[in-house]
Amino acid sequence: MIADKTDLLKNYGFKWLCEAVEFINSCTADTADGKYELEKLPGAFAVVSQYDTKDIEKGLWECHRKYIDIQAVVCGVEKLNWAPLSSLEEKIPYDESKDCSLPVGESMLTQTLRPGYAAVLFPQDAHMPMMNFNGTEHVKKIVIKIPVEYIA
């Protein structure tokens with residue numbers, strides 16, 4: 001996982017990450033919810049959505065094999081729990097059609113996501129997003145999906 005200020009993600013030297021930052025920086029509270037294709041990155045897309053954060057007891061771990069997740073909050077604040085996939089137990093096996101498996105286990109790190117910051121999550125990074133920061137909060141968020149082939 002990489003967690004940093006959104007504008008500093010450009011310093012990691014990945015073209016795909018620079019393109020993702022451009023999209024994140026173009027979004028505002030007025031950006032419509034929905035799916036957006038990233039024209040400069042074939043196969044990559046962004047999903048803008050809104051939801052209320054939840055208690056950790058209602059959280060679900062997730063991990064992906066086909067895509068890297070870049071998660072950035074536009075409005076609101078949430079916690080994102082992280083653990084190496086290898087440290088968790090498989091609960092629901094990988095579903096290729098959803099590109100997701102749902103493991104169980106303990107968090108090793110909690111990252112606060114707020115406007116101006118982002119988390120980059122690779123296939124080995126299990127993550128539990130949408131968690132309460134200081135109680136339930138309404139969040140508007142961008143999740144960018146980058147095909148893993150961009151890092152091969």
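**Figure 1. Burial and overall build of the predicted model.** Of the 152 residues of the protein, 45% count as buried. The model is predicted. One helix and eleven strands make up the secondary structure. From the N terminus on, the order of elements is β-α-β-β-β-β-β-β-β-β-β-β. The radius of gyration is 15 Å, close to the 15 Å that the globule rule gives for 152 residues, so the protein is as compact as a globular protein of that length. Along the principal axes, the C-alpha atoms fill a box of roughly 35 × 35 × 30 Å. Among contacts with a separation of 6 or more, 80% join residues 24 or more positions apart.

**Figure 2. Surface and charge of the protein.** About 8000 Å² is exposed. Carbon and sulfur atoms supply 52% of that area. The protein carries 16 positive and 23 negative charges. The mean positions of these two sets are 1 Å apart.

**Figure 3. The largest nonpolar core.** This core holds 25 residues. Trp16, Phe23, Ile70, Val120, Ile142, Ile144 and Ile146 touch the most other members. At least two core residues come from each of α1 (15-26), β3 (45-52), β4 (67-75), β9 (117-121) and β11 (138-147). Helix α1 gives the largest share, six residues. Another core lies apart from this one. That second core has eight residues, including Leu80, Trp82, Leu121 and Val139.

**Figure 4. Close-up of Ile70 and its contacts.** Ile70 is one of the core residues that touch the most other members. Neighbours within four places in sequence are left aside here. Ile70 then contacts Trp16, Leu17, Ala20 and Ile24, among others. Its contacts also include Ala119 and Val120. Further partners are Ile142, Val143, Ile144 and Ile146.

**Figure 5. Close-up of Ser101 in strand β7.** Ser101 sits in β7, residues 100-104. Its relative accessibility is 9%, under the 20% limit, so Ser101 counts as buried. Residues up to four places away in sequence are not counted among its contacts. Beyond them, Ser101 touches Trp61, Glu62, Cys63, Ile92, Pro93 and Tyr94. Cys63 is 38 residues from Ser101 along the chain. The C-alpha atoms of Ser101 and Cys63 are separated by 5.6 Å.

**Figure 6. Two non-glycine residues with positive phi, Asp99 and Met130.** Most residues other than glycine have a negative phi. Asp99 has a positive phi of about 45 degrees. For Met130, phi is also positive, at about 70 degrees. Asp99 lies in the loop between β6 (89-95) and β7. Met130 is in strand β10, residues 125-131. Are these residues buried or partly exposed? Asp99 is buried, with a relative accessible area of 5%. Met130 counts as partly exposed, at 27% relative accessibility.

**Figure 7. Close-up of Ala44 in the loop between β2 and β3.** The loop with Ala44 follows β2 (34-37) and leads to β3. Relative accessibility at Ala44 is 1%, under the 20% limit, so this residue counts as buried. Which residues does Ala44 touch, not counting those up to four places away in sequence? They are Glu37, Leu38, Lys145, Ile146 and Pro147. Ile146 is also among the residues of the largest nonpolar core that touch the most other members. Ala44 and Trp61 are 17 residues apart in sequence. Their C-alpha atoms are 23 Å apart in space.

Methods
Residues are numbered from 1 along each chain as its sequence is written. This is a predicted model: local features need pLDDT of at least 70, side-chain atom pairs count only at pLDDT 80 or more; totals for chains, interfaces and linings use all residues. Side-chain values use heavy atoms; hydrogens and water are left out. Helices (H or I, at least four residues) and strands (E, at least two) are DSSP runs, numbered from the N terminus. The radius of gyration is taken over C-alpha atoms; the globule rule is 2.2 Å times the number of residues to the power 0.38. Buried means under 20% relative accessible area, exposed over 50%, partly exposed in between (1.4 Å probe, protein chains only). Contact means heavy atoms within 4.5 Å. Accessible areas come from the Shrake-Rupley method with a 1.4 Å probe; for residues, only the protein chains shown count as cover. Lys and Arg count as positive and Asp and Glu as negative; His and the chain ends are not counted. The place of a charge is taken as NZ of Lys, CZ of Arg, CG of Asp or CD of Glu. A nonpolar core is a set of buried Ala, Val, Leu, Ile, Met, Phe, Trp, Tyr and Cys residues joined through side-chain atoms within 4.5 Å.
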